[in-house]
Amino acid sequence: MTTNANDIRLVIHVEGGLVQAVYSNSPVTIRFVIQDFDVEGADADEMAELVDGTEFVGSIQTTVENLDRVASAFMAFDEDIPAIDKRQENYVTSNGHFCPNCGSKNIEANVALEADGLAALGRVGCSNCESAWNDQYVLVGFSDLEAKPLQIIRSESERGYWKLDQGWVFDVGSATRFPSSSESLENWTFKPTSSGNDAELVELGSAEDFLTAEYNVGDEVFWNDPDQGLRSGIYRICAIRTENGRLLYGSDVCFLKNEAGSEAGVLAIELS
Ligand SMILES: [Zn+2]
């Protein structure tokens, strides 16, 4: 048995075109879904449906621990399943609360960890038999992030945000992030060039993606009516309701009119 994710091996038992069982060398129960898109002739009570309406035959199952079956199946491919060291397993299962040498719980861990990328070591000693060993740690994620505010460089004339080594990009997500500083962009040694010489630092949190297409008053556009597409169709932009008279962001508002005289005030994101 193993509880180490790297050492888990599975065998999927199929017979008569059906998954009979999934065997594992681990006592850790893994939940999985059987998903068969061949739905012809299936009973209604076996059917499930994805949010997009796709139907499949399926169910939720769990793995079955069966070391012999897993070992013999891998052996058929000349592959050994990872040898499990019982002493290691017990040590991890008990959260490292005993001496692996004498079993005493009278142990002392060094609080300082030596980290190297994904792994870290912490020295532990036993006060009973005076053995010493390293506890091994693996990086699994991060927590308690105290995020500092960030800024990105925006240029209206370039309709974009600055990305180092690439130039102006329309989306906030791709822009290079800088720590917020009181220093204004004029004093930076590095300055991105923009046609309108209007590069400026803006708060990341309030930045919005630029529209990829440019629209002006008089342009013919297709409006995708968010109300079930009822009034979708070809319109002409007759007015733009923004401070600078330009449509830059998806949330900018403009007014449309079509040949039949139908009018609508819409968000730029709805145009294509
Ligand atoms: Zn000991």
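Which residue in β6 is the bridge partner of Ser-24? The partner is Glu-65. This report starts from that pairing and works through the chain. The model is predicted.

## Domain layout

The domain assignment splits the chain into domain 1 (5–75), domain 2 (86–138), domain 3 (150–206) and domain 4 (220–270). The centres of domain 2 and domain 3 lie 49 Å from each other, taken over C-alpha atoms.

A second distance involves Asp-165 and Val-221. These residues are 56 places apart along the chain. Their C-alpha atoms are separated by 34 Å.

## The three-stranded sheet

Strands β1, β2 and β6 build an open sheet in the order β1-β2-β6. The pairing is mixed. β1 (10–15) and β6 (64–65) are the edge strands. Each has a single partner strand, so one side of each has no neighbour in the sheet.

The β1 and β2 pair is antiparallel and has six bridges. Within it, Val-11 stands opposite Tyr-23 of β2. The two strands form a hairpin with two residues between them. Gly-16 sits in the turn, and its phi is positive, about 60°.

The other pairing runs parallel. Strand β2 (residues 18–24) is joined to β6 by two bridges. Tyr-23 has Val-64 of β6 as its bridge partner. Ser-24 has Glu-65. Tyr-23 therefore appears in both pairings: it faces Val-11 and bridges to Val-64.

## The four-stranded sheet

A second open sheet has the strand order β16-β17-β18-β19. Its pairing is antiparallel. The edges are β16 (220–223) and β19 (263–267), and each pairs on one side only. From one strand to the next, the twist averages 50°.

β16 pairs with strand β17 (residues 233–240) in the antiparallel sense, over four bridges. One of the residue pairs is Trp-223 with Gly-233 of β17.

## The nonpolar cores

The largest nonpolar core holds ten residues. They are Val-221, Trp-223, Tyr-235, Ile-237, Leu-247, Cys-254, Leu-256, Val-266, Ala-268 and Leu-271. Strands β16, β17 and β18 (253–257) each supply at least two residues of this core. Another core lies apart from it, with seven residues, among them Ile-152, Ile-153, Tyr-161 and Ala-175. In soluble globular proteins, nonpolar side chains tend to be buried together.

Two members of the largest core can be followed through their contacts, leaving aside neighbours within four places in sequence. Ala-268 is in contact with Leu-211, Tyr-215, Leu-247, Tyr-249, Gly-250, Asp-252 and Cys-254. Val-221 touches Tyr-215, Tyr-235, Ile-237 and Leu-271. Tyr-215 is thus a contact of Ala-268 and of Val-221.

Why does Val-221 count as buried? Val-221 has 20 C-beta neighbours inside 10 Å, and a residue is buried if 20 or more other C-beta atoms lie within that distance. Val-221 lies in strand β16.

## An open helix

How many of the eight residues of helix α2 (residues 86–93) are buried? The number is zero, so α2 lies largely in the open. After α2 comes Asn-95, whose phi is positive, near 60°.

## Positive phi in two loops

Most residues other than glycine have a negative phi. Asp-144 has a positive phi, near 50°, and is not a glycine. Asp-144 is found in the loop between β10 (132–138) and β11 (150–155). It has 4 C-beta neighbours inside 10 Å, so Asp-144 counts as exposed.

Asn-197 is also not a glycine, and its phi is positive, about 50°. Its place is in the loop between β14 (178–179) and β15 (200–203). Is Asn-197 buried or exposed? Asn-197 is exposed, because 9 other C-beta atoms lie within 10 Å.

Technical notes: Residues numbered from 1 in each chain as written. Predicted model: local features only at pLDDT ≥ 70, side-chain atom pairs only at ≥ 80, totals over all residues. Domains from an automatic or database assignment. Pairing = 2+ DSSP bridges. Axes fitted to C-alpha atoms, helices over the stretch in contact; angles between N-to-C directions. Core = buried A, V, L, I, M, F, W, Y, C linked by C-beta atoms within 7 Å. Buried ≥ 20, exposed ≤ 12 C-beta atoms within 10 Å, placed from the backbone. Contact = placed C-beta atoms within 7 Å.
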